[in-house]
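Got the viewer open? Here is a short walk through one model, stop by stop.

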Amino acid sequence: MAQKQIQTQEQVQRQMQRLSQQQILQVKLLEMPLNELEQNINAELDDNPALETGKEESLTNENVGNMEGGEDDFELQKEREERQDALDSALERMQSDDDLPVYDGRQQRNNAEYEEIVYGDTTSFIDKLNEQVGERELNEKELKALEYLIGSLDDDGLLRKSLDTIGDELAIYNDTEYTQAELEHVLHILQEFDPPGIGARSLQECLILQIERKVENGEWSQDSPLYQYMYEIFSTYFDAFTKKHWDKIQSALSLSTLQTETIQREIRRLNPKPGASMGETIGRNLQQITPDFIIDTEDDGTVTFSLNQGMLPELHVSQSFQDMLATYKENKQSMSRQTKEALLYAKEKVERAKGFIEAIRQRRNTLYVTMKAIIDIQLKYFQEGDEADLKPMILKDVADRTGLDISTISRVSNIKYAQTRWGTFPLRFFFTDSYTTDEGEEMSTRKIKVTLKEIIEKEDKKKPLSDDTLAKVLKDKGYPIARRTVAKYREQLNLPVARLRKEL
């Protein structure tokens with residue numbers, strides 16, 4: 001029996017939410033990083049004659065003035081940044097030289113959870129160092145060793161590998177044997193390169209190299225008290241220095257308060273990350289990043305922040321356009337059709353300008369409350385700069401604290417950066433998943449990964465630890481996670497299995 005197809009119509013009532021044009025604009029501006037927002041505002045200014053730059057009382061007083069940290073705070077922050085460089089940041093988060101964070105740039109790029117932005121141009125610092133290699137008279141053996149040493153530097157410009165390890169690697173990969181003295185000689189050549197401190201094997205050596213370069217360049221005399229005191233601090237009292245025990249240093253060296261302050265000021269001019277001042281290590285083109293948030297941590301642990309206003313102009317609606325609309329309302333009955341059409345055009349432009357200004361205001365407010373919530377949750381990290389202090393935090397945690405939608409928090413966290421005392425990071429860096437133990441205890445996966453990486457870095461490379469053993473060591477340290485979880489985190493950190501980590 002043949003089947004017949006019957007077409008029927010039925011009416012179904014559905015509730016659908018459609019975004020208004022204003023909501024679409026707000027979402028669009030919210031997603032933009034600062035640089036893109038600046039371009040968008042300039043484009044809008046060109047397109048809409050009713051939108052003008054300049055101070056608007058309502059925007060300034062109502063929306064910016066009530067924020068903790070507006071443009072004035074940003075200017076003060078810039079002045080503070082000029083007075084204090086990255087050294088102060090590095091020392092605040094250290095307890096000893098061995099605690100200096102070691103980040104493998106190649107791992108970072110494969111691990112989306114971490115990315116520190118370093119400012120510079122698109123030329124890698126390896127390229128710049130290789131340019132200086134060409135200025136030296138070297139034999140072929142020295143040239144090979146020097147190029148290999150440069151390639152072994154980390155993102156900070158420091159040499160984390162031991163010369164023994166580098167000698168073994170050169171023997172394997174370059175089929176060339178080197179004595180310890182030969183490698184020391186080549187490393188000394190590298191340490192003469194610019195910037196001062198490059199090729200140092202520790203923060204201590206990095207700082208000593210920099211003050212010795214000042215003597216070599218004639219900036220300081222070797223007999224000057226400033227050089228002698230700083231050398232003594234770095235060589236003899238380095239542990240007290242990294243812990244900021246200036247009272248002990250002052251007493252041991254019989255320094256006056258003025259002398260101590262002078263030394264501290266000079267130390268802040270040194271650079272604990274000489275490689276960072278030259279660009280990136282692996283030759284990756286560097287995209288200039290402008291932070292959307294400026295976060296300041298005082299010595300007493302107080303954390304404040306401001307929104308980076310960059311080159312954003314203040315906006316207001318053109319007074320002449322508003323006057324035209326007022327005239328239209330008063331005399332619309334007696335106006336010609338052509339005049340009415342012109343005034344309707346003006347009305348559309350004014351409404352669009354008002355909507356754009358409101359969207360900018362909403363963006364500022366949303367960014368502010370979101371960053372405040374993140375700082376409240378991750379306060380200990382912003383005070384100490386230790387990645388292991390990052391608490392479990394997901395989008396919902398910030399959404400619950402701010403009263404905003406999760407999708408809004410997601411848009412804020414996308415491609416936006418925060419400049420902190422510890423570096424410049426994407427907002428997603430501050431979000432970390434949690435791991436719940438069998439006992440129901442919640443732990444930060446970031447903290448577990450940091451601990452796992454430290455254990456593997458300190459293991460005996462001739463007898464690397466298996467995942468089972470790593471799980472036991474982590475359990476002893478208070479992280480009772482399963483072997484398969486250890487394997488998962490190890491892979492996310494781009495760390496190979498034990499047999500591939502074994503050194504012959």
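Before selecting anything, a word on labels: helices and strands here are DSSP runs, numbered from the N terminus, with at least four residues for a helix and at least two for a strand. Keep in mind that this is a predicted model.

Start by selecting Gln191, which sits in the loop between α10 (180-190) and α11 (203-216). Is Gln191 buried or exposed? It's buried, because its relative accessible area is 9%, and the cut-off for buried is under 20%. Now show what surrounds Gln191: beyond its neighbours within four places in sequence, it contacts Ile198, Gly199, Ala200, Arg201, Glu205, Leu209 and Arg213. Zoom in on Gly199, whose backbone oxygen is 3.1 Å from the Gln191 side chain. Then add Leu158: its C-alpha is 10.0 Å from that of Gln191, with the two positions 33 residues apart in sequence numbering.

Next, bring up the open sheet. Its 4 strands run in the order β3-β2-β5-β6, with mixed pairing. Colour β3 (303-307) and β6 (423-426): these are the edge strands, each with a single partner, so one side of each has no neighbour in the sheet. On average, neighbouring strands here are turned by 20° against each other, ignoring direction.

Stay with β2 (residues 293-297), which pairs with β3 in the antiparallel sense over 5 bridges. Pick Phe293 and you'll find Leu307 of β3 opposite. Now add helix α17 (residues 337-377), lying across β2 and β3 and running at about 160° to β3.

Last stop: Ser413, in helix α20 (residues 406-413). Ser413 is buried too, at 8% relative accessible area. Leaving out residues up to four places away in sequence, Ser413 touches Leu395, Leu427, Arg428 and Phe431.

How values were computed: Residues are numbered from 1 along each chain as its sequence is written. This is a predicted model: local features need pLDDT of at least 70, side-chain atom pairs count only at pLDDT 80 or more; totals for chains, interfaces and linings use all residues. Side-chain values use heavy atoms; hydrogens and water are left out. Buried means under 20% relative accessible area, exposed over 50%, partly exposed in between (1.4 Å probe, protein chains only). Contact means heavy atoms within 4.5 Å. A polar contact is a pair of N or O atoms within 3.5 Å; within protein, one must be able to donate a hydrogen and the other to accept it, and residues adjacent in sequence count only if both atoms are side-chain atoms. Two strands pair if DSSP finds at least two bridges between them. Axes are lines fitted to C-alpha atoms, for helices over the stretch in contact, and angles run from 0 to 180 degrees between N-to-C directions.
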